[in-house]
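User: I am new to this structure and would like to learn how to read it. Could you take me through it one feature at a time?

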Amino acid sequence: MSSPYFTPYESRRPPRFTPMSRRRMHCWHLLAGMTTGISLWYLHWRWTQSLNPDALAFSIAVTMAESLFFLGSLLFYYDIWQEDDTRVKPPPASRDEAGLDGPGPIKVDLYITTYDEEIEVLRPSIAAARELTLPDNTNVKIFLLDDGNRPFMAQLAQSMQIGYLSRNSNEGFKAGNLRNALMQTGGDFILICDADTRVETGILQNTLGYFKNPKVAWVQTPHWFYDIPEGLHWCDWIAQKISPRLRWLAPLARRTSGRDTVGHDPFLSEPTLFFDVIQRRRNRHGASFCCGAGSIHRREAIFSAALKRKGDAVAQLSRKLDHPQQDALILNSVPLEPFRFHVSEDIYTSILLQEDADAWISVYHPQVEARMLSPWTVEAWAAQKLKYAGGTYDIMLHDNPLLRRGMPWRVKLHYAATFWSYITVLWTPVLLFAPVISLVLGIAPVKAYSIEFFLHFLPMILCSELAIVCACKGYAVQPGRLLALSTLPIQLRALWMVLCKRRPSFPPTPKIPVFGQGRHHILPNVWLLTIMGTAAIFGIIQTQLGVPGHDRSLLTVNLFWLGWNMLAVGRIVLAAFWVPPPTLNPKKKEELTHVANIKPLRQS
C-alpha cells in the first residue's frame with residue numbers, strides 16, 4: 001500500500017504557545033477602551049447626523065447592522081480580555097492525590113473513535129497511543145471504538161494489541177459510541193481521540209496533574225493540524241503554472257498579494273487563533289469548551305452529569321403523567337447519556353458540567369498534546385462547518401445555557417459571545433449587499449461620503465484593527481474574517497434546518513481527500529460573486545454615463561467595499577479547485593474503497 005497523503009508532513013512539530021506579556025496585555029486593554037469610546041462616538045454620529053433622508057430605510061438598516069456588530073465586538077472583548085492559565089502540576093502519584101477512592105494504580109482508558117475512516121488514518125493514531133510515556137502508578141488501556149462494526153478493524157486492533165469495541169446500531173452516533181465504551185470499561189479517566197488524533201507521548205504527564213483538584217471534570221488541549229499545506233512560493237508557482245521565464249514577476253506578485261506563497265491553508269483551517277486566544281482566555285472563568293478530541297475526562301464527572309440529567313427528565317415525565325405506579329416504566333424509558341446524543345456532544349459536555357459550578361470545573365491546557373488532520377477538500381470543509389453551525393444553533397434555540405440557573409453569569413457571557421458570533425448571519429447580509437444596492441440604485445447609506453464621514457469612520461477602523469492585532473498576539477486575523485463570509489451560505493442553511501426542526505445529522509468529517517467532489521457546496525458563493533460582479537460593472541457604467549445618484553465618490557467607496565466582500569466570499573471557491581502538488585496527491589477513490597482487502601498488520 002502506498003504512503004498516505006499526510007506522510008510528507010510527519011516531521012512537523014507543534015508550536016509552543018507562550019503567555020501574553022504584561023506589556024502587550026496593558027496595550028490591548030488600552031486600545032480596547034479607546035476603540036469602545038471611538039465606536040460609541042461614531043455610532044452616535046451615525047444615528048443622529050449621518051442617516052440619508054433620501055434612502056432612510058436602507059440607511060437605518062446599515063446603521064443597525066453596524067450597531068449590532070459593535071455589540072458583538074463588546075462580547076468578543078469580554079471573551080478574550082485576559083489570560084489566566086491554570087498552574088501546571090506534576091501528575092498524581094496515587095489515587096488519593098487524584099481524588100479517587102480505593103487502592104491500586106490510576107487507570108486511564110484511551111478511546112480512538114471511528115466510523116468509516118480508513119486503516120491508513122487509524123494506524124498512526126494507534127501507534128502514537130502505544131508510545132505514551134506513563135506517569136508513575138498509572139495504567140493505560142487503549143480501545144478502538146469502531147461504530148462501523150468492520151471485521152478488518154477488529155483485525156487491526158488485534159494486530160496492534162489494543163482493545164476493540166463495536167455495537168450493532170449507531171444510536172447517538174459518536175456520543176452513543178462513547179457510551180457503549182464507557183459501559184464496558186472502567187478507567188478512572190478517559191482520553192478521547194478521533195480517528196486521526198495522534199497524541200504526543202507526554203500528554204498524560206502534562207495533563208493528569210490538573211486532576212489533583214478533585215473538582216476538575218475535564219481538561220481540554222489545543223487542536224493542531226499538522227498537515228496544513230504551506231503552499232508554493234510565487235517563484236515556483238509562476239514557473240509551474242505560467243512559464244519559468246516569468247519568474248521575475250514573483251516579487252511583484254508577493255507585494256501585490258501580501259503573501260509569500262500560493263495555496264497556503266486553502267480551507268482556512270488554522271485553529272491557533274481560536275485555541276490560543278479564545279479558549280485560553282476563557283479559562284480564567286473556567287469557561288473553555290470541551291472540543292472532543294484531545295480532552296481528558298474524569299469518569300465520575302461524566303456519570304454524575306448524566307445521572308442528574310436522567311433524574312431531571314424522569315421527574316419531568318412523572319409530573320406530566322401523574323401516575324406514580326408508572327415510575328419504574330418511566331425510569332427505564334429515559335436513556336442514560338454520559339455524552340448527550342447530539343451533533344455537538346462535546347459542547348453539551350461543557351454546558352452540563354459548567355452549570356454545576358459548585359461541583360465541577362474545567363481546565364484548558366494551553367500547549368499542544370495531539371496532532372490532527374485538517375479538511376483537504378470542499379466536501380470535508382462543508383461537512384465540518386455545517387456540523388459546527390447546526391449544533392450551535394440547535395443548542396441555542398432548544399437548550400440555551402443562558403437560561404440555566406446554575407451556570408455563573410461570567411460563564412454565560414462567554415456562551416453569549418459564541419452564540420452572537422453565529423447569529424450575525426441575520427445582519428451580515430445587510431453589509432454584504434449594501435454596496436450592491438448602492439451601485440445598482442445609486443443610493444448611499446450615509447448622507448454623503450464626505451470628509452466628515454471619513455473623520456468618523458477611519459479612526460474607529462484603525463483603532464479597532466490595532467486593538468485586535470494586539471489582542472491576538474500577532475496571529476493573522478484576516479483568515480477568520482474571510483471564513484465568516486465564506487461560510488455564510490452554510491450557516492444560513494444550518495439555521496434554516498434547525499428552525500424547520502430538522503436536527504443536524506452526525507456524519508464524521510471525511511478524513512481521506514477525494515478531489516473533484518463536493519463542489520456543489522460552493523454554488524451559493526458563485527451566485528453571490530456573480531451578483532456582486534454584475535453590480536460592479538453596472539455601477540461603473542452608470543457613473544460613466546452620468547446617471548443621477550451615481551458619482552465617483554459613491555463608486556470608489558462601494559467598489560472598495562465590494563472588492564473586500566468578493567475576496568471573502570470567493571476564497572472558498574478558489575479552495576474548491578485547489579489540489580496539492582503532484583507528489584502529495586492522495587490515492588484515487590477507487591483504491592480507497594477497497595480497504596477491506598488490506599491484509600491485517602503484523603505485530604511490531
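The dialogue below takes each feature in turn, with the general idea before the case.

Analyst: This is a predicted model, in which local features need pLDDT of at least 70 and side-chain atom pairs count only at pLDDT 80 or more, while totals for chains, interfaces and linings use all residues. Residues are numbered from 1 along each chain as its sequence is written, and side-chain values use heavy atoms, with hydrogens and water left out.

User: How many helices and strands does the protein have?

Analyst: Helices (H or I, at least four residues) and strands (E, at least two) are DSSP runs, numbered from the N terminus. By that count, the protein has 21 helices and eleven strands.

User: What share of the residues is buried?

Analyst: A residue is buried under 20% relative accessible area, exposed over 50%, and partly exposed in between, with a 1.4 Å probe and protein chains only. Of the 604 residues in the protein, 53% are buried. Accessible areas come from the Shrake-Rupley method with a 1.4 Å probe, and for residues only the protein chains shown count as cover. The accessible surface of the protein is about 28,300 Å², and carbon and sulfur atoms hold 60% of this surface.

User: Which residues have the most contacts inside the largest nonpolar core?

Analyst: In soluble globular proteins, nonpolar side chains tend to be buried together. A nonpolar core is a set of buried Ala, Val, Leu, Ile, Met, Phe, Trp, Tyr and Cys residues joined through side-chain atoms within 4.5 Å. The largest one here has 118 residues, and Ile 112, Phe 189 and Tyr 393 have the most contacts inside it. Helix H20, residues 552–576, gives the most to this core, with ten residues. A second, separate core has 16 residues, among them Val 277, Ile 278, Cys 463 and Cys 472.

User: Which residues does Phe 189 touch?

Analyst: Contact means heavy atoms within 4.5 Å. Leaving aside residues up to four places away in sequence, the partners of Phe 189 include Ala 98, Leu 100, Ile 106, Leu 208, Phe 211 and Ile 296. Charged residues can be found on the list as well, including Lys 107, Asp 109 and Arg 298. For the protein as a whole, among contacts between residues at least 6 apart in sequence, 84% join residues at least 24 apart.

User: Where can I see residues that are distant in sequence come together?

Analyst: Take Leu 75, in helix H2 (residues 56–79). The C-alpha atoms of Leu 75 and Leu 413 are separated by 7.3 Å, although these residues are 338 residues apart along the chain. Beyond four places in sequence, Leu 75 touches Leu 413, Ala 416, Ala 417 and Trp 420. Leu 75 counts as buried because its relative accessibility is 17%.

User: Is Asn 137 buried or partly exposed?

Analyst: Asn 137 has a relative accessible area of 34%, and is therefore partly exposed. This residue lies in the loop between helix H3 (119–130) and strand E2 (138–146). Asn 137 is 44 residues from Ala 93 in sequence, with 6.2 Å between their C-alpha atoms. Its contacts more than four places away include Ala 93, Ser 94 and Pro 105.

User: What is the sign of phi at Asp 265?

Analyst: Phi is a backbone angle, and Asp 265 has a positive value of about 45 degrees although it is not a glycine. Asp 265 sits in the loop between strand E8 (261–262) and helix H9 (272–282). Leu 268 is in the loop between E8 and H9, and its phi is also positive, near 55 degrees. Asp 265 is buried, with a relative accessible area of 7%, and Leu 268 is buried at 8%. Leu 268 is one of the residues touched by Leu 483, which is found in helix H17 (residues 478–486).

User: How many cavities are there, and what lines the largest?

Analyst: On a 1 Å grid over the protein atoms alone, a cavity is a set of points where a 1.4 Å probe fits but cannot get out, and lining residues have an atom within 4 Å of a point. Grid points are joined across faces, edges and corners, and a volume is the space filled by probe spheres set on the points. There are six cavities of 30 Å³ or more, and the largest has a volume of about 80 Å³. Its lining includes Ile 302, Arg 309, Phe 339 and Tyr 348. Helix H12 (345–354) and helix H10 (299–321) each give two or more residues to the lining, and H12 gives the most, with five. The lining divides into seven nonpolar, one polar and three charged residues. Here Ala, Val, Leu, Ile, Met, Phe, Trp, Tyr, Cys and Pro count as nonpolar, Asp, Glu, Lys and Arg as charged, and the others, Gly among them, as polar.

Key: 1 Å grid on protein atoms, 1.4 Å probe; cavity = no way out; pocket = protein on both sides within 12 Å on 5 of 7 lines; lining within 4 Å.
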